[in-house]
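These are my notebook entries on a structure that I went through chain by chain. I set down each point as I looked it up.

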Amino acid sequence: MIEKERLVTIVGPDKVMNEPQVLQAYAQDMSFVNPVRPACVVMPNKADEVQRIIQLANDTQTPLVPVSSGPPHFRGDTVPGTGGAVIVDLSQMKRVIFVDRARRVAMVEPGVTFGELIPAVNKEGLRLNMPLLPRKSKSVVGSILEREPVIMPKYQWDISDPLACAGLFFGTGDEFRTGQAAGPGTVEEQWAVGGMQKAPYGPGTGSWHRLIQGAQGTMGIVTWVSMRCEILPSLEEPFVVGSSDLDPLIELTSWLIRLRNVNECFILNSTNLAALFAKKYPTEYQNLKDNLPAWTLFYNLAGYEYFPEERISAYIKEIDDLTQRLKIEAVKRIGGVSANEILKAVQQPSGEPYWKLRSKGACQDIFFLTIYDKLEGQIGVVNHLVDQAGYGASNLGIYIQPVVQGTGCHCEFNLFFDSGNPIELDRVRTLSASATQELMARGAFFSRPYGENTGMIANRDAATVAVLHKFKKIFDPNNIMNPGKAGF
Amino acid sequence: MALTKEIYSVFEDVVGPESICADPVIMPSYFGKNFAAVILPKDTKQVQAVVRLCNKYKLKFRPICTGWKGTFPENIILLDLRRMNRIIEINEKNMYAVVEPYVISAQLQAELMKRGFHLNVKGAGTNTAAMLRGHGHLDQSTSGDDRNHLAIEWVTPEGDIVRSGSLGSTDEWFSGDGPGPSLRSILTSAVPPGSTPGVFTKGAVKIYHWPGPSRLPVQGVSPNITLSEIPPNFMARYYSFPSLEKMMQAEFKIGESEIAFELMGFNIAMVASNMTVSNEEDEEVFRRLEKESQGLGFFIIIAGNCAADFEYKKKVLRHIINETGGKSLESIEKDPRTEGILLTNCIRISASIRETFRSGGMFASIPSMGQRDLTVRWAVGAGKAKRSLIEKGLVVDDGGAFFGWGVEHGHLGKTEIFCRYDPLKPGAEEAVQKWKAEQQKRASDEHYFAMLWGPEDEIGKGLCDYQSWWSKIRKAIDPNGVALEAGSLV
Amino acid sequence: MSLEKYQDHMEMCMRCSCCKFIPMQRVQGHKYTYVCPSITKYNFHSYSGGGRLNIGLAMLKKGFNYTDKLLDIVYNCQMCGACGVSCNYAMDMEVMEPINEFRIKCVEDGKTNSALEKVITGLRKQGSMVPVTGKRGEWASGLNLKDAVKEKVDVLYHVGCLTSYDKDMQRLAKATVKILQKAGVNFGIAGDNETCCGGRAYQMGYEQDFLNQAKENMAMIKKAGVKTVVTSCADGYQAFKVLYDKFNLKGDLEVLHISELVDRLIKDGKLKPRKRVDLSVTYHDPCRLGRLGEPWIHWEGKRLSQSFVFDPPKVYRRGTYGVYEAPRDVLKSIPGIKLTEMTRIKEYAWCCGAGGGVNESNPEFAQWTARERIEEAGSTGAEAIVTACPWCEKTFNETIKGNGSGLKVYDIVELIEKAI
């Protein structure tokens, strides 16, 4: 275990904490993983500090748990998997290193939140491809490294987007830069000739950025990320389409994305849409929910520099043909919620309190990737399970996010519960496990396994996991990087 | 080193006597190397069995698809994947197709077009494997590199079958990443310069909306093939610009406005090559087009999903071209026959052969993928250096040009410069290789991009020593050292 | 001609694999994409057009080493020319010529195939590429046809070996003469004096035997004073039109395939197909009428620069000017015929399987090739496959008998005969 003093020599006395209340805050989160107290918390400010911490951890066989976002955490990946761990909290590394309009790229440190980055990129005429209403304290880097789904599938050419390059230290303490950032030259030398760390592939054979995404900090610690940005539209025209039946919305969604007409595009059930906008619980929330259709598709049309009105007008014509064929209607307002309100909301992080916590104070997410054809069966089985468990399908939040330009979708079930109520807690915990199992049996791909269900998910694909274990031995031979997470 | 009779017969037991050959007489057609044997497996199971035997007998192996040229060490087992040529699945709703290695892009493209889809076609040509990692003319709207792969079925160097992403967990092909970190960190490619050891036996690739007809209305008798009509809502043009700066401005604006189906930074020499049916005609047309053109330029295809979309895109294009001083090549604009030839070549063939090999028989290229403007800046210098070779008559005169294009509507890019030459001409090969080495070194020394070919230790030094990690990965997944990376282009 | 002359061209092969497939822009799906029967069946790259060039080049450089495997590669090729067409869409280089020369060299060096040797022995003895049963002109007994050698005729109808001697094929000769008579063409036959054109011998690699036949034929033609030869055999057509010209034997002899002549006669109003023939058909382009029937181009010159250009400019034969439209126009002029094209047609048609000596040396491969074609023909929904060469027809018929397909096989002359 690392002695506190040694950490102090690296980061300074103010950046190392081991007070009980501080440690307690990192010992558990909103997930169902077992609470484990860390030994201390260290908050580096610079990349070389991170490297020295990792080197020290190797020397002393001390587990490290990297954290970039502020609380509350939900996935269990920031709770130590083993005792004696040091939390490496990067949330103070808050530099927006650059925003480059011409190359549509920004570089940030791990502590930068969406709320902090959005105005910085907007200033340059750019915008982010964001997840759906991340919490205020959510780190942009954290979100990207987690491969969180983004709400503009048109601009997600690859599941790794919007990640471009990353600067990191592997679990060995060795520095590495992925993609174009690897070289030749240092990042600064690259800047001098106009290199802006945009291309993600390489160096050499590997697409190394894919190794650190989805890894939950088990391969190393990332100290900066460059990410692709999109252009801020000059004109936007959002729409909503409601339906009691999911099928026509899925059909429309698949066409909208296939034709690349839409920017933001996702489907929410009434529970989730109400949760986004209700300000008062339970009455206003319930009223909102009751007035919303079972399903709402939200999409946004955008125009840029050249003749934006004509562009949008052409899209609208095309979409009209589709909606008529499907016997649904694109409107500006649905059940008390306007498309413009939704647009405004989703282009920012969530207000406080975090939208998932407003109704009951806690939330367990079950999410996976799937194909459209299997959605109905998957939703059906979860509805059945939650009904059976006494949770009630009407309380279940559902979020469907097309990904990677339409090659399937992210499906997310949000189980809201009162964590202070042991019955509710137990029910949701059990549901999380049973639903995961049933969903896997119905073709759900849990590409990002977290918490208690990780083992079950990893066991499903032993061959892949076996290869990943080989990587783990290479990049973190002493197994100090967040041991016990991501299936390791 | 010939295989012993016993070992040969063990392989023969796996694939059958007609699918293995060690006769030296076939080797000239396989890159002129004395391979221990050429083996044609018919499915994943046979690939696995062969790989396991290679491990057992410590025989190095390498797979190839259609081939093209390549460099290989002697005495290895060459896996010719020709018999693995099935289209496994086309999933229209979820926009992917799954293929075996020997399905060529032309086949998959034709099947997809019938269904209103298409795919990224690599510059190596539609005569090459559809699951190739690579860049091509359609990158503007269909991405490139390893970003079109989804799940992959991989026979590891040890002979295990690993099915990446959703395939391993759910038997579906739609995602190649996870659970957890992604194996696509190493499952990037079947072919050099970056290639994954082992064998890709099936791969899922993204597919894209095709706004054109189910079949392009091709007419004519080879080599005079064009379109009987330009498909509705399609337009192809070539624009030249008064300066490189203006051209890049136009390219970026077109990228950001998302109007181009294809944007291919052909130089005039390549346009001439594609339009013409012989080298003589090529030279004559090149001279004529040079006069018509005001400088560097690009070829663009606009394709509208519907008439309104088409009109919008054309309007934006006109505006951008006016803003940047672009000039349309009349030889294309005023001649639907030429427009049709280029449309056909650039969509269905990925051009390539006419513009590379026909003139001299050989070309040597320095490609670079990544940040477009950066690589263009480097290419300007490489082009200037090429002119001295042209003046000495050692390479074909193309004005010292380079080419390239934006990928993913300009987010990424590709720039390439090549010399076309006759390798039998005294001094040509040497001069070209020298030019290539010098320009690659300059790219590295001046921090533009890394060299792609060369000793890994040298290249890796300036790239965070990635080769040391790669070497560890290789050892971990290939403990017997049987899976080679060097090999054929495709 | 020699293989050495084509070394430069063989060096140009970049192993792109286009020679295995039909031209890329013609690919219509997963099926019917391959154009080379040899690589499609045998799979090793050596069997492709490019593979043959690679091997030929290696042997030129390192010496000729004739093994069983090499001869297997060499002789399992229908010499159909499809590889060259696909290659020459993009490349300026000779493909079929070096492949031809390699075959010829094998024969010259005594590396022959026993089945082909047998056939050539027959040719040398009896002037026929098929077993001789009776007299060559016997099929014409009772038809009172003019003897072109003895009487003045405008057109010599060269019947061909298969059509003359094969009882099943003799009907084609009879149909042809009926057509010519109906159109009032002043034609004659050589009858028993007819001898093999030598074309199939050339395909097999027996250049000298071909030349012997060619000289004998041209001597007869000169003696007869005939200005035009018409044949209903594609091999014969290629022999007279292309190969004789290649070896400067043809002079200004006009050579027509019966489909070309009939097309001309129909368009001139001298032949009127009036009778209805209700049949849905698909048309198979014989290799030697189509891509290999393209006129020979005489060229001598030298290479100029680092670019592969020549002085004078070299014009390549790319299959562009084969006979494709005449047979189609003829079919379209027959009332009731509904023509549906296969995927692989014209200059990129799939071979019937019979050429290059494969019919004799490896009948199983020939049949396999024909089976592929029959399947493709069947996929069009047509009731019948129509062709313009007796060798194609024979191979298709044998194959259909073997696999029980319901597809009918017609020669174009049979349908014309029905219609007039």
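**Entry 1. A strand of chain B**

Which residue stands opposite B:Val205 in β10(B)? I looked this up and found B:Ala97 facing B:Val205. I note at the outset that the model is predicted.

I then followed the pairing of β10(B). Strand β6 of chain B, residues 96-99, pairs with β10(B) in the antiparallel sense, and I recorded four bridges for the two. Strand β8 of chain B, residues 149-155, also runs antiparallel to β10(B), over five bridges. In that second pairing I located B:Ile152, which stands opposite B:Gly203 in β10(B).

Is β10(B) enclosed or open? I checked burial along the strand, which covers residues 199-206. Eight of its eight residues are buried, so I entered β10(B) as largely enclosed by the rest of the structure.

**Entry 2. Domains of chain B**

I next wrote down the division of chain B: domain 1 holds residues 5-83, domain 2 holds 87-209, domain 3 holds 218-354 and domain 4 holds 360-445. I chose the contact between domain 1 and domain 2 of chain B for a closer reading. Their C-alpha centres are 23 Å apart. On the side of domain 1 of chain B, 13 residues are in contact with 16 residues of domain 2 of chain B.

Which helix gives the most to the side of domain 1 of chain B that touches domain 2 of chain B? It is helix α2 of chain B, residues 44-56, with six residues. I sorted this side of domain 1 by class and obtained seven nonpolar, four polar and two charged residues.

**Entry 3. Chain C against chain B**

I turned to the contact between two chains. Here 50 residues of chain C touch 57 residues of chain B. For the chain C side, I listed the elements that give two or more residues: α3 (49-62), α4 (68-75) and α5 (82-90) of chain C. The largest share comes from α3(C), with five residues. By class, I counted 23 nonpolar, 19 polar and eight charged residues on the side of chain C that touches chain B.

**Entry 4. Chain C as a whole**

I recorded 18 helices and eleven strands for chain C. The radius of gyration of chain C is 21 Å, close to the 22 Å that the globule rule gives for 420 residues, so I entered chain C as being as compact as a globular protein of that length. Along the principal axes, the C-alpha atoms of chain C fill a box of roughly 60 × 50 × 40 Å.

I found 61% of the 420 residues of chain C counted as buried. Among the contacts of chain C with a separation of 6 or more, 80% are between residues 24 or more positions apart.

**Entry 5. Chain A as a whole**

For chain A I noted 16 helices and 20 strands. The C-alpha trace of chain A spans about 65 × 60 × 45 Å along its principal axes. I compared its radius of gyration, 22 Å, with the value near 23 Å for a compact globule of 488 residues, and the two agree. Buried residues make up 60% of the 488 residues. Of the contacts in chain A between residues at least 6 apart in sequence, I found that 72% join residues at least 24 apart.

**Entry 6. Domains of chain A**

Chain A is divided into domain 1 (1-232 + 452-461), domain 2 (235-346) and domain 3 (360-448). I examined domain 2 and domain 3 of chain A, whose C-alpha centres lie 22 Å apart. I found 14 residues of domain 2 in contact with 15 residues of domain 3.

On the domain 2 side, α8 (246-258), β13 (265-269) and α9 (270-277) of chain A each supply at least two residues. Of the elements on this side, α8(A) gives the most, with six residues. I classed the residues of this side as eight nonpolar, five polar and one charged.

**Entry 7. A helix of chain A**

Which residues of helix α12 of chain A, residues 339-346, are buried? I listed A:Ala339, A:Ile342 and A:Val346. Viewed down the axis of α12(A), these buried residues fall within an arc of 60°, so I recorded them as lining one face of the helix. I then looked up what they pack against, and found β12 (235-243), β14 (295-303), β16 (333-334) and β17 (337-338) of chain A.

Terms used. Residues are numbered from 1 along each chain as its sequence is written. Chains are lettered from A and ligands numbered from 1 in the order in which they are written. This is a predicted model: local features need pLDDT of at least 70, side-chain atom pairs count only at pLDDT 80 or more; totals for chains, interfaces and linings use all residues. Domain bounds come from an automatic or database domain assignment. Two residues are in contact if their C-beta atoms, placed from the backbone, lie within 7 Å. Ala, Val, Leu, Ile, Met, Phe, Trp, Tyr, Cys and Pro count as nonpolar, Asp, Glu, Lys and Arg as charged, and the others, Gly among them, as polar. A residue is buried if 20 or more other C-beta atoms lie within 10 Å of its own, exposed if 12 or fewer, and partly exposed in between; C-beta atoms are placed from the backbone. The arc is that of the directions from the helix axis to the C-beta atoms. The radius of gyration is taken over C-alpha atoms; the globule rule is 2.2 Å times the number of residues to the power 0.38. Two strands pair if DSSP finds at least two bridges between them.
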